[in-house]
Structure formats: structure tokens, C-alpha cells
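Thanks for making room for me this morning. I would like to spend a few minutes on the charged side chains, so please have the sequence and the model open while I talk.

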Amino acid sequence: MADDNTDGANSGAAATTGAAASDAAQAKPPAVSVTGQYIKDLSFELPGAPQSLLDLKGQMPPMNLQIAVQVKPVSETDYDVELKVEARGGDEAKPVFNLELVYAGLFKIENVSTQQLHPFVHIECPRMLFPFARQIIADTVGSAGLPPIMLQPIDFAGLYRQRMQQMAQQQQAQANA
């Protein structure tokens with residue numbers, strides 16, 4: 001009988017330990033690590049040089065900036081996140097410069113729920129990439145002889161919300177058509 005009580009006690013302890021381990025696994029905080037960062041594509045043009053440089057007289061021309069984020073799953077926990085930045089200086093009739101940068105990072109993401117994963121990789125990952133992309137843009141434009149550009153921080157959460165609203169409107173329009 002003593003053996004039965006011991007087995008019963010051990011089984012109870014094992015069940016309690018298993019539940020505690022399960023709770024501990026669920027309580028782990030989200031973890032993200034950057035496996036690598038790289039320039040996927042970089043293009044820079046000064047179509048009107050050298051005259052456009054003379055016309056600027058040290059002033060930066062008006063600039064149009066567009067930002068896009070693309071995420072590609074690589075494995076169950078790894079994601080390739082691309083931050084695409086297009087900057088155009090000048091106007092359509094007389095462009096001073098054109099810059100296109102695709103700066104990417106490979107991220108390992110763990111302990112993030114399925115519901116939170118999509119916004120996480122579209123907001124937090126580009127937020128981590130942005131300072132490096134900004135530096136590449138500043139160095140490239142400065143090396144071309146133009147006045148320095150220091151891009152202001154980007155609200156990736158706002159961009160994400162805007163993109164989700166646009167997608168919802170497109171889906172609604174398709175459903176009504």
C-alpha cells in the first residue's frame with residue numbers, strides 16, 4: 001500500500017509540475033533577435049548633374065518620401081522584413097535626385113501570439129531597421145554632394161493602421177461589387 005501512495009503522490013506532483021511548466025511557457029515575454037541586416041537594393045541617381053548641383057546653391061530641394069514594409073516568413077520563427085524607402089528630390093519636371101533603398105533584416109521571433117504576430121513584424125521590426133536605413137540614406141545623399149538629409153522618425157504603428165484600413169476598404173468594395 002505504501003507503494004500505491006507514493007505513486008499517487010508522485011503522479012500528483014508531476015501533474016502540478018506539468019501545469020506550472022505550461023503556465024511558465026505561456027508567461028514568457030515576447031523575444032525578438034536580429035539574425036542579420038543587409039542592403040537588398042540601393043539605387044541613387046542625379047539626373048541633372050552637374051547643373052542641378054549648381055542650381056541648388058547649398059539648399060535641399062523639396063523632397064517626396066514613400067515608405068513601404070514587406071514581410072516574408074522564412075521559417076516558423078524567422079521572418080525577412082524589408083523596409084523600402086523611395087526619396088525623390090525636386091519636382092517631376094526637374095528632378096534633382098532619385099533614391100531607392102530596400103534595407104532588410106532577418107528576425108527570429110518567439111513567444112508572440114498568432115494574433116499579435118502580424119502587427120509585431122510590421123511595426124517593431126521596421127522600427128528597428130529604420131535608424132540604419134536613415135544612416136545609409138544620409139551617407140549616400142551626402143556622398144553625392146547634396147546637403148545632408150536627416151529623415152525624421154517614422155510612425156510605423158500609424159502606417160500599419162492606415163494600411164489595414166485601406167485593405168479593409170478594398171475588401172469591402174470588392175464584396176459590394
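Arg-88 counts as partly exposed, with a relative accessibility of 28% in this predicted model, and Glu-100 likewise counts as partly exposed, at 27%. The side chains of these two residues, Glu-100 and Arg-88, meet in a salt bridge, with 3.4 Å from N to O. This pair links distant parts of the chain, since Glu-100 belongs to strand S4, which covers residues 95-110, while Arg-88 sits in strand S3, and the two are 12 residues apart.

Let me turn to a second group, in which salt bridges with shared partners join Lys-40, Lys-72, Asp-80 and Glu-82 into one network. Within that group, Asp-80 and Lys-40 meet through their side chains in a salt bridge of 3.0 Å, again from N to O. Here too distant parts of the chain are linked, with Asp-80 in strand S3 (residues 78-90) and Lys-40 in strand S1 (residues 31-45), 40 residues apart.

Which residue forms a salt bridge with Lys-72? That is Glu-82, and the closest N and O atoms of the pair are 3.3 Å apart. Glu-82 lies in strand S3 and Lys-72 in strand S2, residues 63-73, so this pair ties together parts that are 10 residues apart in sequence.

As for burial, Asp-80 is buried, with a relative accessible area of 7%, and Glu-82 is buried as well, at 11%, whereas Lys-40 is partly exposed at 39% and Lys-72 is partly exposed at 37%.

To place these pairs in context, a search of the whole structure finds eight salt bridges.

Conventions:
Residues numbered from 1 in each chain as written. Predicted model: local features only at pLDDT ≥ 70, side-chain atom pairs only at ≥ 80, totals over all residues. Heavy atoms only, no water. Salt bridge = Lys/Arg side-chain N within 4 Å of Asp/Glu carboxyl O. Helix = DSSP H or I, 4+ residues; strand = E, 2+ residues; numbered from the N terminus. Buried < 20%, exposed > 50% of the residue type's maximum accessible area, 1.4 Å probe, protein only.
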